[in-house]
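This report walks through a single protein chain for a reader meeting it here for the first time. Overall form comes after a look at two loop residues.

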Amino acid sequence: MIKLVVSDVDGTLLRAGEQVLPKETAEVIRALKEKGVLFVAASGRPYADLKHLFGDVSDEIGFIASDGAFISYRSEMIGRFPIDRETGFSIMQEIYMGTEAEVALYGSYMAYMLPKSESFASYFRETVHNHVESVSCMKRVPEEYLKVGIYHPEDVQKYAGVVASYWDSKLHRVYTSKNWVEYTAAGVHKGAGLDKFLVTFGIAPQEVLAFGDNRNDKEMLALAGCSYAMSSAGEEIKALCGYETENPVNTIRTLFGL
């Protein structure tokens with residue numbers, strides 16, 4: 001019996017380019033609640049952005065935010081796993097001073113930037129929907145460091161790859177793309193966030209249904225007893241899952257008879 005449904009957001013609940021949660025997603029979340037099934041949204045986005053995205057249903061669900069570094073249930077924080085402050089500042093300083101890449105920092109409630117260019121500042125504000133502040137030094141950020149991002153508009157590996165790779169043994173590289181490399185504390189990922197829910201609510205992995213599409217979902221998908229990869233996912237992710245889907249909401253409706 002499934003007691004918890006967990007889903008990635010971008011590329012899974014939201015298709016490419018979408019920034020507004022479809023109405024039917026909120027309807028399914030409420031229907032699951034009526035059946036006593038907990039819904040959890042898991043994302044690399046910061047907590048404040050997820051709260052804004054899920055709107056009225058945000059107080060009824062759980063969140064695994066910042067790729068597992070911040071865990072909440074019904075708007076109450078139940079787990080937080082920050083990067084050591086000295087370590088986090090060191091990587092940002094090395095990237096900012098020694099490469100052509102930009103740095104971004106995610107706290108529990110806000111994201112922070114020290115932009116070298118206005119184009120990055122504008123892009124980052126769009127990405128985190130104005131839940132962002134510019135600072136003159138990352139040491140002045142009042143929050144704990146939950147996730148560090150490295151960005152370059154052309155090729156982040158080319159312009160910051162050597163420095164970034166040095167930190168792979170000290171932190172967890174949770175996400176990599178052409179433009180971004182992102183780090184959480186060692187051992188922190190969506191799978192660890194999901195495990196926090198399982199321990200807190202006494203749920204077994206076999207009682208979990210999961211949906212995802214990217215490498216930062218792999219630990220979560222591997223932990224769940226039943227997992228679906230998006231049809232657009234890479235072969236590495238599909239190999240972790242027993243099933244595929246093009247629409248998680250429709251799949252949930254079918255499985256639960258909604």
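In which loop is Arg-74 found? Arg-74 sits in the loop between strand 4 and strand 5 (76–80), where strands are DSSP runs of E with at least two residues, helices are runs of H or I with at least four residues, and both are numbered from the N terminus.

The model is predicted, so that local features need pLDDT of at least 70 and side-chain atom pairs count only at pLDDT 80 or more, whereas totals for chains, interfaces and linings use all residues. Residues are numbered from 1 along each chain as its sequence is written, and side-chain values use heavy atoms, with hydrogens and water left out.

Most residues other than glycine have a negative phi. Ser-66, which is not a glycine, nevertheless has a positive phi, and Arg-74, also not a glycine, has a positive phi as well. Ser-66 belongs to the loop between strand 3 (62–65) and strand 4 (70–73). In the table, buried means under 20% relative accessible area, exposed over 50%, and partly exposed in between, with a 1.4 Å probe and protein chains only.

| Residue | Phi | Relative accessible area |
|---|---|---|
| Ser-66 | about 50° | 0%, buried |
| Arg-74 | about 50° | 41%, partly exposed |

Turning to the whole, the secondary structure of the protein chain comes to nine helices and 14 strands, and 52% of its 258 residues count as buried. Its C-alpha atoms fill a box of roughly 55 × 35 × 30 Å along the principal axes. Among contacts (heavy atoms within 4.5 Å) between residues at least 6 apart in sequence, 58% join residues at least 24 apart.
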